[in-house]
Amino acid sequence: MTLTSERLAGPVSQSVSVEREAACSSAEPGLHLRRGVSNDTGQNQLNGTAYGRLTVQCSVYDTAKYSLVFSFPALTGLLSLRWGSGSSHQGHNYYSSRGPRFRYVLTGLVAGTGAVLAYGLHHNKAEQAATSVTHTSSLPVYSQEDVMKHSSLDEGVWVTYKGSVYDITDFVAIHPGGDKILLAAGGALEPFWALYAIHGQDHVLEILSEYKVGVLRPEDCKKQEIANSTDPYSTDPPRHPALIVNSSKPFNGEPPPALLTDNYITPSALFFKRNHFPVPQVDPSKYRLQIEGLLGGTVSLTLEELKSRFPKHTVTAALQCAGNRRSDMHKAKQVKGLNWGVAAISNATWSGARLRDVLYHYGFGPEVAAKARHVQFEGLDLDVTGTSYGASIPLNKAVSEEGDVLLAYEMNGEDLPKDHGYPVRVIVPGTVGARNVKWLGKIIVSEEESQSHWQQKDYKGFAPGADWDTVDYNSAPAIQELPIQSAITQPAEGSIVDSSMEEVTVKGYAWSGGGREVVRVDVSVDGGKTWHVAELQNSEKGQKPELSPPPGQAWAWKLWEITIPLPEGAQELELVCKAVDSSYNLQPDTVLPIWNLRGVLNNAWHRVKVKVN
């Protein structure tokens, strides 16, 4: 192979010529790419202002040649290419089908034109059709453990799909979705592709087929897990592998921050999961919802009756765990609790009967309201003693027309997933997640709060000076509405910003409890010395923005994004965000003044440090 480059005097139009000088062998060696910058005398260093012509001649065995001439706005850094025989597995060469693909991908990247890619992909497909494909039986067989060893760019990135093993290391750099593909490294593609339907298209599967290096052994394909029959968690549902697991039994997990704000409506599989006990197995045909405390006595309601007797209402609402961002509070001073990051919050559409409609239908009225002050909820999830999870909310929230409290049986247009309360859960918009009881089994209209542990001895905020020896649980009310909150989801802590881009894009979410609408998010790249106002998003990208909700009914979060010029000469940035709601509530600038021993209610300014390369 020969590679030459020459500097031109000025900008030139993008063009490409591809001349095939001889027929190619069907078993071409692989193409390897690496990037670097050379400052050697006589070498041209390409940069953002120079333009050049790159000529590549690649000899394939003894006769076949390609001559490619590119005219292009020069890339940062010198792109060098070499042919090589490629690595092999058990004596088999697996670059034979990957070389052609990368030749055309490279051409498209350098030339900046989709026409070359189209030509290359079509031409390569034709070549493949005329070439016998390696039989599966001749491919190496790998275990899942083998695949898991290849979970980084340093070790190679392997994935599995429908029983086959693929080495996609070289594809990561050109993946249209960026490095999110690394979330599947060492594991299966199916859970991730299920979220993005485009991956099921034929051309995507054709590209994937180019990277096949083996097959998964049959016992791993079956994924049979011999569960211990005495394990109460053995019937828990499968979870998406992208979730960051804070505890496995009971299961508590949150999505990676970068995935969290990809969608305004969080996919159910990525919605954070907060469980206290094993997920109960509920037969919908035998399900009964008990209602107590009304004049007519105890009511027993079937799932079908709940769906057929009451109008279905839909509410878009964010739920947030009281311990969201506990890890930040833990860094300031040790706390007890699950080490949640910034993603113990998610946004979904919920559908079901209004609690208000159900209570009034079965006898709620002035006589009950004169005595009752609370509505208690009990779940069907039980601890080892048979005690159910329980919580309560104020009566006025439960029966308010503007409160939008639902007995929900659908999430994002489908039946509630098991992890999210199937078949029925209560949704209390604007209120801490702990009161949104899942697997709802009983409702009690009462004069007193729920006496459950989670209402009386947990999910309360205490003064920074309180410790485990002196804390008085009766001194603090149970958390209901949550304070104003925001966080940065991109870029990640410790990531590198390319200085040649001359700007940085920052993304995140903001939400406030009690139905208070987020009206502004301020973002800083210098630790809070200067501020910029982010653009807010209250619908999916590409869709028409939603109208502002009525005052006091802003239950959903808002996503935000802003692109800010890099400060001149900066080597490190401290990104900061803070939100403002419709009552002009603000976030505190530091954690220590709001620190508490349970690590709840952390809504201090969120800070992320990144390096500038």
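## A five-stranded sheet

In this predicted model, strand β17 (residues 288-292) and strand β26 (residues 440-446) run parallel and are joined by 3 bridges; strands here are DSSP runs of E with at least two residues, numbered from the N terminus, and two strands pair if DSSP finds at least two bridges between them. Within this pairing, Q290 has K442 of β26 as its bridge partner.

Both strands belong to an open sheet of 5 strands with mixed pairing, ordered β18-β17-β26-β21-β22. Because β18 (299-302) and β22 (388-394) each have a single partner strand, they stand at the edges, and one side of each is left without a neighbour in the sheet.

## The surroundings of V518

V518 lies in strand β30, which covers residues 518-524, and it counts as buried because its relative accessibility is 3%, the limit for buried being under 20% relative accessible area with a 1.4 Å probe and protein chains only. Leaving aside residues up to four places away in sequence, V518 touches I484, A510, W511, S512, L536, K558, A579, V580 and D581, where contact means heavy atoms within 4.5 Å. The C-alpha atoms of V518 and S582 are separated by 6.1 Å, although these residues are 64 residues apart along the chain.

## The chain as a whole

Of the 613 residues of the protein chain, 50% count as buried. Among its contacts with a separation of 6 or more, 73% come from residues 24 or more positions apart.

## Basis of the values

Residues are numbered from 1 along each chain as its sequence is written, and side-chain values use heavy atoms, leaving out hydrogens and water. Local features need pLDDT of at least 70 and side-chain atom pairs count only at pLDDT 80 or more, whereas totals for chains, interfaces and linings use all residues.

Methods. Helices (H or I, at least four residues) and strands (E, at least two) are DSSP runs, numbered from the N terminus.
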